[in-house]
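Reader: I should like to learn how burial, nonpolar cores and pockets are read from a model. May we work through one case together?

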Amino acid sequence: MPEHYLRHPAEIPILLSTAQESQPLNFCYPLNREFSPAGLSCLSEAYISPGSTIEISTPLSHPSLSATGHVIWCQQEQPGFLLGIGFDDPDQAFSVRMIEQVCQIESYRLKQHRRGRQLSSEQAAVEWIRLHAADFAAIGELQ
């Protein structure tokens, strides 16, 4: 796994679903230290077998963004399970990066709100892109 990680904002959930489940399994809260350009590690309420195909999406984007990967490992971690998810297809890796960018922008908007600044999603996107897009893009080139 690459040693540089893109930090997913912990306050922004993502959804997981498998081919066996027609509905999302649960909200999955990624760990700040475990997203890389090639993979994602997150906490899940449910055990998901290694090798399972898994879809990741976010309720934040319209139209919905999603990416399909596979579970590399699943370890018990209180209060649930720690998953390692890989993306072999470059298009899927790109999709999960777009999901991450949407989540990063929403996290930025929420942080500004806590500081007393009211920003629309569009305003937050413009500011976040100006401030952070270059660093975000550089992380994707570390593979």
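Reader: Is C74 buried or exposed, and at what relative accessibility?

Author: One caution applies throughout: this is a predicted model. Burial is read from relative accessible area, with buried meaning under 20%. C74 has 14% relative accessibility, so this residue counts as buried. C103, at 0% relative accessibility, counts as buried as well.

Reader: How many disulfides does a search of the whole structure find?

Author: A disulfide is recognised from a pair of cysteine sulfur atoms within 2.5 Å. Here the search, run over the whole structure, returns 0 disulfides.

Reader: Which residues have the most contacts inside the largest nonpolar core?

Author: A core is read as a set of buried residues joined through side-chain atoms. The largest one here has 19 residues, and L16, I54, I56, L83, I85 and F87 have the most contacts inside it. Two or more residues each are given by strand 1 (14-18), strand 3 (39-44), strand 4 (53-57), strand 5 (66-77), strand 6 (80-86) and helix 1 (90-114). Helix 1 supplies the largest share, 4 residues. Another core lies apart from this one; its 7 residues include Y108, L119, A124 and F136.

Reader: Which residues line the second largest pocket?

Author: A pocket is described by its volume and by its lining. The second largest pocket has a volume of about 150 Å³. Its lining consists of L60, V102, I105, E106, S121, E122 and A125. Helix 1 and helix 2 (121-140) are the elements that give two or more residues to this lining. By character, the lining residues comprise 4 nonpolar, 1 polar and 2 charged.

Methods. Residues are numbered from 1 along each chain as its sequence is written. This is a predicted model: local features need pLDDT of at least 70, side-chain atom pairs count only at pLDDT 80 or more; totals for chains, interfaces and linings use all residues. Side-chain values use heavy atoms; hydrogens and water are left out. A nonpolar core is a set of buried Ala, Val, Leu, Ile, Met, Phe, Trp, Tyr and Cys residues joined through side-chain atoms within 4.5 Å. Buried means under 20% relative accessible area, exposed over 50%, partly exposed in between (1.4 Å probe, protein chains only). On a 1 Å grid over the protein atoms alone, a cavity is a set of points where a 1.4 Å probe fits but cannot get out, and a pocket is an open set with protein on both sides within 12 Å along at least five of seven lines; lining residues have an atom within 4 Å of a point. Grid points are joined across faces, edges and corners, and a volume is the space filled by probe spheres set on the points. Ala, Val, Leu, Ile, Met, Phe, Trp, Tyr, Cys and Pro count as nonpolar, Asp, Glu, Lys and Arg as charged, and the others, Gly among them, as polar.
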